[in-house]
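Colleague: Pick one part of this model and take me through it closely. Then set it in the context of the rest.

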Amino acid sequence: MSRDFAKKGRAPARRTSSTNSATPPWVWFIAGLVLGAFAASLYFIKNPATEPAPKEEPKPKVTENKTPKPRFDFYKLLQESETIVPASETINEEKPAQDQATEYILQVGSFPSADDADKLRAQLILINLDAHIETVEIRKGEIWHRVVVGPFATQTALTSARSQLVNNQYNALVLKRAKTK
């Protein structure tokens with residue numbers, strides 16, 4: 001009993017009609033966005049956003065600094081004991097420095113550490129200058145070590161030593177002070 005399925009009547013396919021009343025979902029999405037924007041604009045028109053008044057920040061309390069300000073007595077002490085000689089002042093070349101009551105020296109550096117002063121003195125000795133270290137107490141317990149070159153007998157010796165320092169990139173102060181014995 002064989003059956004012939006080829007001639008069997010088929011049920012007609014269900015076709016949706018073009019007059020379907022269902023709306024696509026993207027239309028609903030667009031309509032929701034438009035309605036939301038309209039509702040938001042109505043809300044902001046009725047309740048305008050006002051900027052809050054800026055709050056006055058409390059002024060920071062000034063706390064007294066209990067650390068004492070540093071005192072710079074070094075400059076006063078230096079002015080009392082030595083005088084910086086301007087470059088235009090000359091020493092009388094005919095008279096040796098021994099006849100005068102003052103002497104001229106070149107101060108190349110001043111250090112709180114004796115090791116630093118000794119290193120600079122060694123560098124100056126290597127460039128053929130007669131350098132030595134003077135230890136000075138600035139305040140009670142505060143000791144500085146000055147590296148000086150000189151004293152010089154004539155203006156030419158002073159100028160020669162100063163130019164030699166400048167050529168080797170050392171800055172030096174010309175100091176005039178009472179003659180030490």
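Modeller: Start with the hairpin of β3 and β4, which has two residues between its strands. Gly 141 sits in the turn, with a positive phi of about 85°. This is a predicted model: local features need pLDDT of at least 70, side-chain atom pairs count only at pLDDT 80 or more, and totals for chains, interfaces and linings use all residues. Residues are numbered from 1 along each chain as its sequence is written, and side-chain values use heavy atoms, without hydrogens or water.

β3 covers residues 131–139 and pairs with β4 in the antiparallel sense, over eight bridges. Pairing requires at least two bridges found by DSSP. Across the hairpin, Thr 135 stands opposite His 145 of β4.

Now follow β4 (142–152) into the largest nonpolar core, to which it supplies at least two residues. β2 (102–111), α3 (114–126) and α4 (155–167) each do likewise. Such a core is a set of buried Ala, Val, Leu, Ile, Met, Phe, Trp, Tyr and Cys residues, joined through side-chain atoms within 4.5 Å. This one has 18 residues. Val 149 is among those that touch the most other members, a group that also includes Leu 106, Val 108, Leu 124 and Leu 129. Leaving out residues up to four places away in sequence, Val 149 touches Ile 105, Leu 106, Val 108, Leu 124, Leu 129, Asp 130 and Ala 131. Contact here means heavy atoms within 4.5 Å.

Step back to the whole chain. Its elements run α-α-β-β-α-β-β-α-β from the N terminus. That comes to four helices and five strands, taken as DSSP runs: H or I for at least four residues, E for at least two. Of contacts between residues at least 6 apart in sequence, 71% join residues at least 24 apart. Buried residues make up 20% of the 181 in the chain; buried means under 20% relative accessible area, exposed over 50%, partly exposed in between, with a 1.4 Å probe and protein chains only.

Helix α1 (residues 25–46) offers a contrast with the core. The count of buried residues among its 22 is zero. α1 reaches 32 Å from first C-alpha to last, close to the 32 Å expected at 1.5 Å a residue, where the expected span is 1.5 Å times one less than the number of residues. Phe 44 counts as exposed because its relative accessibility is 52%. The search of the whole structure finds one aromatic pair. Tyr 43 and Phe 44 form it, edge-to-face, at 5.5 Å centre to centre and 70° between the planes. Rings of Phe, Tyr and Trp (its six-membered ring) pair with centres within 6.5 Å; planes under 30 degrees apart are stacked, over 60 edge-to-face, the rest tilted.
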